[in-house]
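Let's take a walk through this one together. Have the viewer open and follow along as we go.

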Amino acid sequence: MSKWWRAVATAGGLRSTEVTSRRSYFTIQAIPREVSGSRVSSRDRAQGRIPAVVFSQTYVQSKPEDPTSIVASSSVYRKFLLTTERKQIKTIIDSVDLPFFCSTTFPLQIRAGLGSSTLLESGKVLPIKASDPSSCVFCYCSSVTPSVLFKMTVFIHKDEETGKILNLVFVWAEDGTKLRVDVPVVFKGEHECPGLKKGGYLNKIRPSLKFLCPAENIPQKIEVDISRLDVEDKVSLHDIDVHPTWKLLSKNEAIPVCKVKATPVDS
C-alpha cells in the first residue's frame, strides 16, 4: 500500500512550480471499508493502516444570548468509514511545521480500493486540533456515494504513550459552509521589541485563537506584531485585525493575547 499512495501522489501532469509539486505529494489517499469494530481497527493498525471516519457536521449557538457560543451539533450525517496509510500520514505530519498542521489544508482522494484508479470522492482536508481526544465521534457506514467534490476537516487521535496515530475523523466541509478552527498565533518583531531589549520577557497568553471561518478561507496563522511593545505593554484581541469573514469566538475581546513583563529580580 505504501508504493500505491506514493505512485498516486506523484502521478499526473507536469509540475510547473514547487508549490504544485508539494500539493501533489501531499494528496492524502483513503479507501472505504465495510466493517467496523475494535478487532478490525486493531488489525488495520497492525497492517500499517489508520482507521478513519468521515461525516458532515453542523454548528449551533449553544447560548441564545452569546453569539460566540458556537459548538458542534450532536447530529451528524453523510457518514462513511475509511482507512488511510500510516506512513503517508506520518510523512505529511513530519513535513509540516507544527502547530500549523492543524490550520493547513491538504487534498484528499477516496479510491475504490488498493491500487484502484477509480476515484470515489475528492476534496481538501483540514486537521482539527481537539483538547479532549475522547470527545471525537466515531460514525460508520458500509458504502461510499458516487464522486462529489468536497472539502473536509480531520481530527487526529494519538496514543498518549507511544504517540502513534490511532484514528482520523473527517468532517465534510463544502464551499459556503463555515468551520470552527483553532488558529495558531505567531509573534513577530521580537528583535525590535523595546521591552525585550530592556530585559523583559514575552508572556504568550493566547498561543491560538478560535474562529468560525468559511471553509474556503481558513487562515494558517494569525501574526501579532510586538515590535513596539515596551515593558507592561500588551496586545489584546480587539487590537488584532482579521479578515471580515472570520468570526472570533470570544465573548471578551479585551482579553490579552500577549504581554511584555518585567523579569523578576532575585532578592
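Start with a cysteine: Cys 258 is buried, with a relative accessible area of 0%. Its sulfur has the sulfur of Cys 193 as its closest cysteine partner, but at 8.6 Å that is too far for a bond. Look from the other end and you find Cys 193 buried too, with a relative accessible area of 0%. For the sulfur of Cys 193, the closest cysteine sulfur is the one in Cys 258, again 8.6 Å away and too far for a bond. A disulfide needs the two sulfur atoms within 2.5 Å, and searching the whole structure turns up zero of them.

Before going further, a word on trust: this is a predicted model. The protein chain has an average pLDDT of 77, and 78% of the residues reach at least 70. Residues 1–24 are a stretch to treat with care, with pLDDT below 50, and the model gives this stretch 35 contacts beyond near neighbours in sequence. Residues 130–150 also stay under 50 in pLDDT, and here the model has 51 contacts beyond four places in sequence.

Now move to helix 3, which spans residues 38–46. Which of its residues are buried? They are Val 40, Ser 41 and Asp 44. These residues sit on the same side of helix 3 because they cover an arc of only 100 degrees around its axis. What lies over them? The cover on the buried residues of helix 3 includes strand 2 (49–61) and strand 3 (70–85). Spin the helix round, and the face turned away from the buried side shows you the exposed residues Ser 38, Arg 39 and Ala 46. After helix 3 comes Gly 48, with a positive phi near 85 degrees.

Next, jump along the chain to strand 8, residues 178–188. Which way does strand 10 (residues 208–214) run relative to strand 8, parallel or antiparallel? The two are antiparallel, joined by seven bridges. To find your place in this pairing, pick Lys 178, whose bridge partner in strand 10 is Pro 214. Strand 8 also pairs with strand 11 (residues 222–225), this time in the parallel sense, over four bridges. A handy marker for that pairing is Phe 187, which stands opposite Val 224 in strand 11. Put together, strand 8 has an antiparallel pairing with strand 10 and a parallel one with strand 11.

Key
Residues are numbered from 1 along each chain as its sequence is written. This is a predicted model: local features need pLDDT of at least 70, side-chain atom pairs count only at pLDDT 80 or more; totals for chains, interfaces and linings use all residues. Side-chain values use heavy atoms; hydrogens and water are left out. Two strands pair if DSSP finds at least two bridges between them. Buried means under 20% relative accessible area, exposed over 50%, partly exposed in between (1.4 Å probe, protein chains only). The arc is that of the directions from the helix axis to the C-beta atoms. Contact means heavy atoms within 4.5 Å. pLDDT is the predictor's confidence in each residue, from 0 to 100.
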